[in-house]
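Grab a coffee and work through these short exercises on backbone angles, burial and cysteines. Try each one before you read its solution.

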Amino acid sequence: MYRRQRYFKNSLPDYLTSGQNEGNCYFVQDLIKSYVQQIEQRFKPAPQNTDEGAGMYVGLAGVAFMFLKMACSKCFQEKRQELLAKAFTYIKVAIEEANRVSPSSSDGIGASFLLGHAGAFGLASVISHQIGDANNEAKFVQQFLEMGQLLQPNQRLLRHGANELFVGRAGYLCMARWMQKMLGKNVIPPILMEVLFNTIVTEGRSYSYEHRSQSPLMYSYYNTEYLGAAHGLSSIIQILLCFPACFDGKSEIETDLKNATDFILHCKQDNGNYPPTVGEEQGTGDELVHWCHGVPGVVYLMVKAYIQWTDEKYLKAAFECGDVVWEKGLLTKGPGICHGVAGNGYVFLILYRLTNDEKYLHRAVQFAKFLTTEEFIHGARTPDAPYSLYEGLAGTVCYLLDLLQPEQAEFPFFDERYPKYAYET
């Protein structure tokens, strides 16, 4: 059967010596301005553009996040207030859609982080905070908290998977952590945080036991045991590791987290990639090297595991992820961060932050330059949501902004800050 090539052959010049660092980002600001202009012209903050709901994945809220990130960048400080106003304009329409649709509709997906209401409310609180609107900030935080109640263990809204990143408890905790950083205060009460954390662990153990999984923690989404970042085990474990207060002094939980991480590590295929699902064998011609499925998402867990346990095997795995992405990461699916070139470029930025190795900054810049080539412009597919945060240009803008400040780069919401250059080469 014919299968379309998932990635362009990488003919980009790789890093060779310390004198050849490709740190010159002279083209980035012009590219940002071009992409933002396209978004504003073709994806306006209007009700007719809320067909995909209030969420950040492909909805208007994702564009609001892009403008917020621009406003917080030192490279656009002269336009900070204008950019914040644009962020609020986009999030306002998304919130109106969220308030119109019950969060319990669509199998409870409305309470989710990326596809539903919770993410939009959380983002709105941060934008309001940046603007200085304390009343709206408090209101949106309260609405975010109300969404958390829908994820309590006695709720059965998410019958097809209540613990994963996109729509489940892990995603809610992920958003709460980002809000805490941006607002400078605890967002959810410790008791709710512990309830959600413990529920994820308990349900992971129960599912693992019932299905005789080789991992002590396992989950399914629509009856599929995913491994990748979008819906799978790797992002769930990563998020749980970001809440050490919930497992400090509880060695049995930390042991399960470590053993689950090792299970993922042992799933690595001979080609260096990780399969999308448990037990799936994937040929090299059809493998997924995406943030959502494969090494570009798993690398964040490996980095987090290295920071947590200082075990060199996780560091080695993270470096191997970077090499796979360099070889196979110029995706034909488009420029976005979920399954596009920018999302894969973020792999090099986290490895640069981890190591201060200029090779990774060079590779990150090369991936950005590839977006400007005729090969990409004429050969890449147009995403279903071409201006969105996760599939389209809004996420690409975030990547380009992070290239201008690589020491502070963060994949949207997903990455965690840690001491600069935690590993010195």
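**Exercise 1.** In which loop does Asn356 lie? Then work out its phi and its exposure.

*Solution.* Keep in mind that this is a predicted model. Start with the location: Asn356 sits in the loop that runs between α13 (341-355) and α14 (358-370). Next, the backbone: phi at Asn356 is positive, about 65°, although this residue is not a glycine. That's worth a second look, as most residues other than glycine have a negative phi. Last, exposure: Asn356 has 31% relative accessibility, so it counts as partly exposed.

**Exercise 2.** Is Phe413 buried or exposed? Place it in the chain and check its phi too.

*Solution.* Begin with the place: Phe413 belongs to the segment after α16 (393-404). Its phi is also worth noting: Phe413 is not a glycine, yet the angle is positive, about 70°. Now the burial call. The cut-off for buried is under 20% relative accessible area, and Phe413 comes in at 3% relative accessibility, so it counts as buried.

**Exercise 3.** How many disulfides does the count come to? Use Cys321 as a worked case, then sort out the burial of Cys75.

*Solution.* The rule asks for a pair of cysteine sulfur atoms within 2.5 Å. By this rule, the count is zero disulfides. Take Cys321: the nearest cysteine sulfur belongs to Cys267 and is 13 Å away, and Cys321 is in no disulfide. Cys321 has 1% relative accessibility and therefore counts as buried. Cys75, at 19% relative accessibility, counts as buried because the cut-off is under 20%.

Note on methods: Residues are numbered from 1 along each chain as its sequence is written. This is a predicted model: local features need pLDDT of at least 70, side-chain atom pairs count only at pLDDT 80 or more; totals for chains, interfaces and linings use all residues. Side-chain values use heavy atoms; hydrogens and water are left out. Helices (H or I, at least four residues) and strands (E, at least two) are DSSP runs, numbered from the N terminus. Buried means under 20% relative accessible area, exposed over 50%, partly exposed in between (1.4 Å probe, protein chains only).
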